[in-house]
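Thanks for making the time this morning. I would like to walk through one model with you, and I will try to keep to what the coordinates themselves support.

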Amino acid sequence: MSRAAVCIGCGQAIGPLPRLNRLPDGKPCPTCQDRLLETLPPVLPAPLAELSFEDWSDEGGDEPPDDYLRGA
Ligand SMILES: [Zn+2]
């Protein structure tokens, strides 16, 4: 019943985690690349420039900012 997920580009099996398979000629599979880009968070510099500090503090708001001072 279990159907193995296979990339339509390179024909290699797709694991539980996105992986970049390589074609027989050694080049990375473009289909795997597209799938990775859809899965991974955007790492392009453009959205990074639009990130404000409010977005950053919104995620780590529970951590005290002066926690690193205790090591002194
Ligand atoms: Zn592929």
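How many disulfides does the structure hold? The structure holds zero of them, and I should add at once that this is a predicted model, which applies to everything I say from here on.

Let me turn to the metal site. Four cysteines act as the protein donors of the zinc ion, namely Cys7, Cys10, Cys29 and Cys32, each through its SG atom, and these atoms lie 2.2 to 2.4 Å from the ion. The angles that the four donor atoms subtend around the zinc ion run from 104 to 112°, and the arrangement is therefore tetrahedral. For reference, the ideal angle for four tetrahedral donors is 109.5 degrees. Along the chain, the donors follow the spacing C-x2-C-x18-C-x2-C. Within that pattern, cysteine 10 and cysteine 32 link distant parts of the chain, since cysteine 10 sits in the segment before helix H1 (30–39) whereas cysteine 32 belongs to helix H1, 22 residues apart.

How accessible are these cysteines? Cysteine 7 has a relative accessibility of 3% and so counts as buried, and cysteine 10, at 17%, counts as buried too, because the cut-off is under 20%. Cysteine 32 is likewise buried.

That brings me to helix H1 itself. Which residues of H1 are buried? They are Cys32, Arg35 and Leu36. These residues cover an arc of only 100° around the axis, and therefore they sit on the same side of H1. On the face of H1 turned away from that buried side, we find the exposed residues Leu37 and Glu38.

Next, I would like to spend a moment on asparagine 21, which lies in the segment before H1. Is asparagine 21 buried or exposed? Its relative accessibility is 1%, so asparagine 21 counts as buried. Its side chain makes a polar contact of 2.9 Å with the side chain of arginine 19, and a polar atom of the asparagine 21 side chain lies 3.5 Å from the backbone oxygen of alanine 13. If we leave aside neighbours within four places in sequence, the residues in contact with asparagine 21 are Cys10, Gln12, Ala13, Pro28, Cys29 and Cys32; that list includes Cys10, Cys29 and Cys32, which are among the zinc donors.

Proline 28, which appears in that contact list, is also found in the segment before H1. With a relative accessible area of 32%, proline 28 is partly exposed. Leaving aside neighbours within four places in sequence once more, proline 28 is in contact with Leu20, Asn21, Arg22, Leu23 and Gln33. As for its relation to cysteine 10, the two are 18 residues apart in sequence, and their C-alpha atoms are 9.0 Å apart in space.

Finally, let me step back to the chain as a whole. Its secondary structure comes to three helices and zero strands, with the elements running α-α-α from the N terminus on. Of the 72 residues in the chain, buried residues make up 10%. Among the contacts between residues at least 6 apart in sequence, 7% join residues at least 24 apart.

To return to where we began, the structure holds zero disulfides, and Cys7, Cys10, Cys29 and Cys32 serve as donors of the zinc ion. I am happy to take questions.

Technical notes
Residues numbered from 1 in each chain as written. Predicted model: local features only at pLDDT ≥ 70, side-chain atom pairs only at ≥ 80, totals over all residues. Heavy atoms only, no water. Donors = N, O, S within 2.8 Å, 3.2 Å for Na, K, Ca; no water. Tetrahedral: all angles 85-135°; square planar, octahedral: opposite > 155°, others 65-115°. Helix = DSSP H or I, 4+ residues; strand = E, 2+ residues; numbered from the N terminus. Buried < 20%, exposed > 50% of the residue type's maximum accessible area, 1.4 Å probe, protein only. Arc of directions from axis to C-beta. Polar contact = N/O pair within 3.5 Å; in protein donor to acceptor, adjacent residues only side chain to side chain. Contact = heavy atoms within 4.5 Å. Disulfide = S-S within 2.5 Å.
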